[in-house]
Amino acid sequence: MTKTKNENLQAQLESWSVAIAVAFSQPNPSAARTDAILDFVRTFVPSDVTEDDIDHFSNALSMDDEFFESTVREIAQCASGEKVETIEGDQKRKAVYTLLPPEGTVSEGSSLDIVRELAFISKDGGLTWRAEG
């Protein structure tokens with residue numbers, strides 16, 4: 001299990017994990033789900049993105065169940081440290097998580113090496129965090 005040593009980043013990851021899980025648990029389609037997705041996205045995306053970009057990302061989560069599920073899973077992985085291979089960066093300005101695939105998604109003995117990277121940035125020395133655009 002690999003977790004960040006930055007308490008603020010860890011708290012933000014845990015907050016995002018709860019927020020996106022709550023959004024995912026809402027009936028689809030519903031106004032509650034749409035609102036919960038928007039609430040999550042507004043705290044997750046870089047602070048300099050446009051409203052159009054926020055709407056685009058929110059709609060992608062709303063319309064693509066596979067994308068939504070993988071986003072929920074990947075943020076939960078970052079927060080829990082489960083299946084996190086490494087965290088690169090100084091964890092004060094940047095943290096790049098390398099995630100291993102969940103159990104059962106790659107067959108044993110496969111030559112595929114499927115990993116995902118999620119990057120988070122802080123512009124204030126590690127106090128507040130956002131996804132890197």
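**Exercise 1. Lys-83 and Gln-91**

Lys-83 has a relative accessible area of 31%; work out whether this residue counts as buried, partly exposed or exposed, then do likewise for Gln-91.

*Solution*

Before you start, a word on the model: it's predicted, so local features need pLDDT of at least 70 and side-chain atom pairs count only at pLDDT 80 or more, while totals for chains, interfaces and linings use all residues. Residues are numbered from 1 along each chain as its sequence is written, and side-chain values use heavy atoms, with hydrogens and water left out.

- Get the cut-offs straight: buried means under 20% relative accessible area, exposed means over 50%, and partly exposed is in between (1.4 Å probe, protein chains only).
- Lys-83, at 31%, is therefore partly exposed.
- Gln-91 has a relative accessible area of 15%, so that one is buried.
- Now place them. Helices (H or I, at least four residues) and strands (E, at least two) are DSSP runs, numbered from the N terminus. Lys-83 sits in the loop between H4 and S1, and Gln-91 in the loop between S1 and S2.

**Exercise 2. Backbone oddities**

Say what stands out in phi at Lys-83 and Gln-91, and in the peptide bond between Asn-28 and Pro-29.

*Solution*

- Start with the usual picture: most residues other than glycine have a negative phi, and most peptide bonds are trans.
- Lys-83 isn't a glycine, yet its phi is positive, near 60°.
- Gln-91 isn't a glycine either, and its phi is positive at about 60°.
- The bond joining Asn-28 and Pro-29 is cis, with omega about -5°. You'll find Pro-29 in the loop between helix H1 (7-25) and helix H2 (31-44).

**Exercise 3. Building the sheet**

Work out the order of the four strands in the sheet, and find which strands stand at the edges.

*Solution*

- Two strands pair if DSSP finds at least two bridges between them.
- The order is S1-S2-S3-S4, giving an open sheet with antiparallel pairing.
- S1 (84-88) and S4 are the edge strands: each has a single partner strand, so one side of each has no neighbour in the sheet.
- Look at the middle: S2 (residues 94-99) and S3 (residues 116-121) are joined antiparallel by six bridges. Ala-95 faces Phe-120 in S3, and Tyr-97 has Leu-118 of S3 as its bridge partner.
- Move on to S4 (residues 130-131), which runs antiparallel to S3 and is held by two bridges. Here Ile-121 is opposite Arg-130.

**Exercise 4. Two residues at 0%**

Where do Leu-61 and Tyr-97 lie, and how far are their C-alpha atoms from those of Val-41 and Ala-76, respectively?

*Solution*

- Leu-61 is part of helix H3. Its relative accessibility is 0%, so Leu-61 counts as buried.
- Along the chain, Leu-61 and Val-41 are 20 residues apart, and 9.5 Å separates their C-alpha atoms.
- Tyr-97 belongs to strand S2. With a relative accessible area of 0%, Tyr-97 is therefore buried.
- Tyr-97 and Ala-76 are 21 residues apart in sequence, and you get 12 Å from C-alpha to C-alpha.

**Exercise 5. One more loop**

Decide where Asp-64 is found and whether it's buried, partly exposed or exposed.

*Solution*

- Asp-64 is in the loop between helix H3 (51-63) and helix H4 (65-80).
- Its relative accessible area is 38%, so Asp-64 is partly exposed.
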